[in-house]
Amino acid sequence: MSESTVSDVGVTTGEPASLTLLLKRSEDALHRRLQATLDGEGLLLEQWQIMAVLLARPGLRMSEIADAAVVPPATLTRHMDKLVERAIVVRRIDPDDKRRVVAALSPRGASLARRLSEVEQSIETALADGLGHERYEALAAELRLIPHLFD
């Protein structure tokens with residue numbers, strides 16, 4: 001292992017043994033790195049999660065956005081209203097089902113989301129550098145698998 005990567009020796013003892021707490025602490029550490037940028041744009045983390053989903057998959061229905069962004073439906077509505085108000089997101093009637101609404105980023109929202117995505121990518125690059133790229137890729141693969149284990 002290279003000297004620039006974090007070794008197991010550097011991990012403090014007394015860390016929570018619960019995987020749920022370990023994941024939450026890791027999420028919190030990543031969120032803190034992104035927070036200054038979000039604050040500068042007047043955005044909450046949940047709003048960025050919604051924007052990131054719409055950047056990758058425009059035209060989703062509200063329930064699909066809630067699932068993909070891991071935001072409760074009632075909270076999604078409130079955040080979507082704010083994003084629409086700020087002209088970051090546009091909502092339209094679903095052309096396939098006139099009873100439903102779909103959403104996408106506006107051109108302004110897409111530009112902002114791309115900038116935020118670059119910041120998030122730089123944080124992930126720093127994480128990969130710290131862990132080592134092989135460990136980072138293994139971690140990412142395992143994290144992608146976890147939700148499917150409970151289906």
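**View 1. The buried residues of helix α2 are L45, Q47, W48, I50, M51, V53 and L54.** This is a predicted model, and we start with a helix that runs from residue 45 to residue 56. With its 12 residues, α2 reaches 17 Å from its first C-alpha to its last. That's close to the 16 Å expected at 1.5 Å a residue. When you pick out the buried residues here, look for W48 and M51, among others.

**View 2. Helix α1 covers residues 19–41 and has a kink in it.** Where does the kink sit? It is centred on L34, and the bend there is about 40 degrees. Even so, the 23 residues of α1 span 32 Å from the first C-alpha to the last, which is close to the 33 Å expected at 1.5 Å a residue.

**View 3. Here are the two ends of α1, with S18 at one and G42 at the other.** S18 caps the N-terminal end of the helix. To see how, find the side-chain oxygen of S18 that lies 3.2 Å from the backbone nitrogen of T20. Now hop to the other end: α1 is followed by G42, and the phi of G42 is positive, near 70 degrees.

**View 4. Three strands make an open sheet in the order β1-β3-β2.** The pairing is antiparallel. β1 (60–61) and β2 (89–94) stand at the edges with a single partner strand each, so one side of each has no neighbour in the sheet. As a bit of background, strands of a sheet pair through backbone hydrogen bonds, either parallel or antiparallel.

**View 5. Zooming in on the sheet, β2 and β3 form a hairpin.** Just two residues come between these strands. How many bridges join β2 and β3? There are six, and the strands run in the antiparallel sense, with β3 covering residues 97–105. Two facing pairs help you get your bearings: I93 stands opposite V101 in β3, while R91 stands opposite A103 in β3.

**View 6. Stepping back, the protein has six helices and three strands.** Follow the sequence along and you'll meet them in the pattern α-α-β-α-α-β-β-α-α. Of the 151 residues, 28% are buried. Among contacts with a separation of 6 or more, 54% are between residues 24 or more positions apart. As for the outside, the accessible surface comes to about 10,200 Å², and carbon and sulfur atoms account for 57% of that.

Conventions. Residues numbered from 1 in each chain as written. Predicted model: local features only at pLDDT ≥ 70, side-chain atom pairs only at ≥ 80, totals over all residues. Heavy atoms only, no water. Helix = DSSP H or I, 4+ residues; strand = E, 2+ residues; numbered from the N terminus. Expected span 1.5 Å × (residues − 1). Bend = angle between axes of the 7 residues up to and from the residue. Polar contact = N/O pair within 3.5 Å; in protein donor to acceptor, adjacent residues only side chain to side chain. Buried < 20%, exposed > 50% of the residue type's maximum accessible area, 1.4 Å probe, protein only. Contact = heavy atoms within 4.5 Å. Areas by Shrake-Rupley, 256 points an atom, 1.4 Å probe, with all protein chains shown as cover. Pairing = 2+ DSSP bridges.
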